[in-house]
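Work through the exercises below with the sequence and the model open. Each task is followed by a stepwise solution.

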Amino acid sequence: MESLQGRVGVVTGGASGIGRALAEALAREGAKVVVADLDEAGMAGVLAGIRGRGGEALAVRTDVGDLASVRALADRVFEAFGRVHVLCNNAGVALWGGLEAATHRDWQWALAVNLWGVIHGLEVFLPRMIAQKEPGHVVNTASMAGLVATGGLGIYNTTKYAVVGLSETLAKDLKPYGIGVSVLCPMGVQTRIRESERNRPAHLRNEVPVPAEPVELMGRSLAPETVAQMVLAAIRAGELYVITHDEGLEPLRRRFERMERSIRARKP
Ligand SMILES: NC(=O)c1ccc[n+]([C@@H]2O[C@H](COP(=O)([O-])OP(=O)(O)OC[C@H]3O[C@@H](n4cnc5c(N)ncnc54)[C@H](O)[C@@H]3O)[C@@H](O)[C@H]2O)c1
């Protein structure tokens, strides 16, 4: 998609961090922006900023883990703007701890937001985006944790590997419709992701808190605005991968080399 001027973008998790920066960057390019998040105060701040700069924006309280809530979001967006061109399935939560200590509630919460959140976005918006027959783009926020597995991040890794696989397939499936797909895979970004527990619903809180120290992230911690600019460039260029950190190259190479060794070792 060459120009974002006059397009409509939807950003889940748009009240904070990467989503907020994406919403603001889309608005700066002249797109109308819908911010969808649980955090109403955060969304109000984003809206005020965008409108203060002369942009057009709408906030819709949404729980991406709840299909009915995402359906209501889509109804509201199409009622207000009639179209969606850029869909950013970005809302996410992180949690830490060895898989041996993971609780059922941990799995339910992380999968609901990080994986079902993306699935719900696709399920609800894609048929309408295809039917409108205009250029479109889907951005799914995964992580470097969707390409390389770090110990102590197993639940998160599982959700993000799924989002990478889904996005790689989606790019192939949507090609005939002229809808591009990008999967965002950052390492550290300066956001509130380490405070994700603030977003855990009461019914999915652990009865006995599981003690877990956040995993130390390797590499630089980028500003969300820098990451948002990389995403915009990928939308314009129609690029699938948005891998933000050079530091990711070595772990990726080591993973590939281990796979290559396995294949070569089995040659007759
Ligand atoms: N910050 C990093 O280092 C980093 C690295 C790789 C990937 N990511 C991914 O980036 C995405 C954005 O996270 P961030 O780093 O900006 O964190 P953040 O905590 O600053 O923002 C996440 C936003 O998602 C919202 N959210 C959480 N649960 C929700 C739900 N059920 N429904 C709707 N909104 C919900 C939160 O209210 C918040 O506004 C996530 O998918 C995260 O996994 C972040």
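**Exercise 1.** Find which residue of β4 is the bridge partner of Val11, and state the sense in which β1 and β4 pair.

Solution. Step 1: the bridge partner of Val11 in β4 is Cys88. Step 2: strands β1 (residues 8-12) and β4 (residues 86-89) pair in the parallel sense over 3 bridges; pairing requires at least two DSSP bridges between two strands. Helices (H or I, at least four residues) and strands (E, at least two) are DSSP runs numbered from the N terminus. This is a predicted model, where local features need pLDDT of at least 70, side-chain atom pairs count only at pLDDT 80 or more, and totals for chains, interfaces and linings use all residues. Residues are numbered from 1 along each chain as its sequence is written.

**Exercise 2.** Place β1 and β4 in the strand order of the sheet and identify its edge strands.

Solution. Step 1: the open sheet has 7 strands in the order β3-β2-β1-β4-β5-β6-β7, with parallel pairing. Step 2: β3 (57-61) and β7 (241-243) each pair on one side only, which makes them the edge strands.

**Exercise 3.** Which strands does helix α4 touch?

Solution. Helix α4 (residues 104-131) packs on the sheet and touches β1, β4, β5 (136-141) and β6 (179-185). A contact is two C-beta atoms, placed from the backbone, within 7 Å. The direction of α4 makes about 170 degrees with that of β4; axes are lines fitted to C-alpha atoms, for helices over the stretch in contact, and angles run from 0 to 180 degrees between N-to-C directions.
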